[in-house]
Amino acid sequence: MDKSKSVARNSNLDLVKLFACAAVVSLHTMRVETSLFCLVAYYLSGFAVPVFVMSGGYIMLNRGSVDWNYSIRKMTSVLKVAAIWGGILFAAQLAGDILNHTVTWQIFLYYPKLIVKGMILQKGRLWHFWYFGALIMLYASLPLLCRVRKYLFKVWIALVIIGGVIQAASYVVGTPLQAYVLQTFRLWTWFQYFILGGLLGEGGLPCVLKKLSLINVKIHALVCLLLTAVNVTFQIFAAGLLLHNLFAEYFYDSLLHMAWVTILFTLVMKLCLSERVISVIRHFAPLTMGIYILHPLLISLISHFIALTGGLDFIVILLISYAISLAISRIKYLNALIKL
């Protein structure tokens with residue numbers, strides 16, 4: 001791929017993020033036990049988190065230079081967003097306690113617990129902020145990764161082997177070994193996809209993957225379609241028969257899953273987009289982080305009143321998250337809630 005294209009923000013990369021954003025909402029709303037449709041839709045959405053991580057690597061590992069100041073700014077922006085949302089939930093909890101006359105000194109521990117439980121332990125109302133915790137560690141590594149750019153392919157191969165061994169061992173023992181590590185700290189997985197994004201951006205992958213840029217879009221799409229069918233079918237059966245666990249996150253280390261995500265990512269990145277499509281992408285792209293932050297909160301709220309089953313729930317929550325994110329983005333200062 002063209003290196004100049006990888007450095008600058010482009011509509012194809014934004015389109016990748018839009019697909020990933022919708023897929024994240026699907027992962028959290030589809031109830032696999034309710035229907036075959038939800039089961040298939042759930043595993044079709046399994047590219048979401050790896051693609052988000054790859055997108056970051058695609059941009060950041062192909063900058064001219066990355067120093068500690070840049071890295072610190074990126075980490076600070078993540079912490080700021082987490083702190084603001086934590087503050088909002090703390091204020092809501094405190095207001096409720098005041099109205100109910102149940103305020104105790106322990107309420108003041110609620111705020112730090114909320115942040116720590118979310119960003120590290122993947123628990124509490126901000127459980128989805130585990131992704132921010134992982135992002136901070138990736139951002140902290142940027143200066144080092146950029147210094148050893150010429151070795152990144154070898155590092156990536158080592159991480160692929162580590163992940164592959166863990167995945168294979170999980171099939172053998174009949175349970176996902178990744179479950180014993182908090183998702184925030186599955187760094188072999190996140191660095192694997194982060195570096196993969198960087199290698200794709202600079203054309204640093206040899207052999208078969210380099211040839212992906214040479215085949216036409218129709219053949220590429222056909223390969224992607226076939227690999228999608230194979231990967232989803234395998235995961236549906238392997239989840240029940242080998243891992244005895246249905247969560248899609250336990251397939252991220254699978255070589256088949258990585259190949260599928262790579263084919264999908266490179267396909268979208270080579271699409272020729274019309275000006276009309278680009279204008280639509282530019283409208284939605286700034287809202288992806290807001291949708292990511294808001295949709296679990298909406299799921300928690302709505303599930304108090306109705307049982308979520310997937311399908312229609314996915315559409316409703318996605319649209320409401322979009323509408324609120326759009327409103328926030330139009331308000332000065334308040335738009336800091338959804339900007340990293």
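In which loop does L271 lie? In this predicted model, the residue is placed in the loop between helix 12 and helix 13, the latter spanning 275-284. L271 counts as partly exposed, because its relative accessibility is 28%. Its separation from L177 was computed as well. The two leucines are 94 residues apart in sequence. In space, their C-alpha atoms are 37 Å apart.

Two further pairs were examined in terms of sequence and space. R149 is found in the loop between helix 7 and helix 8. With a relative accessibility of 23%, R149 is classed as partly exposed. L199 is 50 residues away from R149 along the sequence. The C-alpha to C-alpha distance for R149 and L199 is 9.3 Å. The second pair starts from a helix. P50 is found in helix 4, which covers residues 48-60. The relative accessible area of P50 is 0%, so this proline is buried. Along the chain, P50 and H257 are 207 residues apart. Their C-alpha atoms are separated by 9.7 Å.

Helix packing was analysed next. Helix 3 (residues 36-44) packs with helix 11 (residues 217-243). The angle is about 115°, and the axes are 10 Å apart. Helix 3 and helix 11 are therefore roughly perpendicular to each other. Their crossing is right-handed.

Helix 2 (residues 11-29) forms a crossing with helix 15. Here the axes come within 9 Å, and the angle is roughly 130°. Why is this pair called oblique? Angles of 65 to 115 degrees count as roughly perpendicular and those over 145 as roughly antiparallel. The value of roughly 130° for helix 2 and helix 15 fits neither class, so the two helices are oblique to each other. This crossing, too, was assigned a hand: helix 2 and helix 15 cross in a right-handed sense.

Helix 7 and helix 9 were treated likewise. Their axes come within 11 Å. They cross at roughly 60°. Helix 7 and helix 9 are therefore oblique to each other. The crossing of helix 7 and helix 9 is right-handed.

Helix 15 also contributes to the surface. It spans residues 312-329 and contains L319. L319 has a relative accessible area of 52% and is therefore exposed; the cut-off for that class is over 50%. L319 belongs to a nonpolar surface patch. The other members are L312, I315, V316, I320 and I324. Together, the residues of this patch have about 500 Å² of accessible area.

Charged pairs were then searched. How many salt bridges does the whole structure contain? The search finds 1. R186 forms a salt bridge with E249. The closest N and O atoms of R186 and E249 are 2.8 Å apart. This pair links distant parts of the chain, with the two positions 63 residues apart in numbering. R186 is in the loop between helix 8 (152-173) and helix 9 (187-202). E249 is in the loop between helix 11 and helix 12. Are these residues buried or exposed? Both R186 and E249 are buried.

Backbone torsions were the last item. Q122 has a positive phi of about 55°, although this residue is not a glycine. Q122 lies in the loop between helix 6 (110-119) and helix 7 (130-147). Its relative accessibility is 25%, so Q122 counts as partly exposed. H244 is likewise not a glycine, and its phi is positive at about 55°. The place of H244 is in the loop between helix 11 and helix 12, where helix 12 covers 255-269. H244 counts as exposed, because its relative accessibility is 57%.

Technical notes:
Residues numbered from 1 in each chain as written. Predicted model: local features only at pLDDT ≥ 70, side-chain atom pairs only at ≥ 80, totals over all residues. Heavy atoms only, no water. Patch = residues over 30% accessible without salt bridge, like charges linked within 9 Å, V, L, I, M, F, W, Y side chains within 5 Å. Areas by Shrake-Rupley, 256 points an atom, 1.4 Å probe, with all protein chains shown as cover. Salt bridge = Lys/Arg side-chain N within 4 Å of Asp/Glu carboxyl O. Helix = DSSP H or I, 4+ residues; strand = E, 2+ residues; numbered from the N terminus. Buried < 20%, exposed > 50% of the residue type's maximum accessible area, 1.4 Å probe, protein only. Axes fitted to C-alpha atoms, helices over the stretch in contact; angles between N-to-C directions. Parallel < 35°, antiparallel > 145°, perpendicular 65-115°, else oblique. Left-handed = near helix turned anticlockwise from the far one by under 90°.
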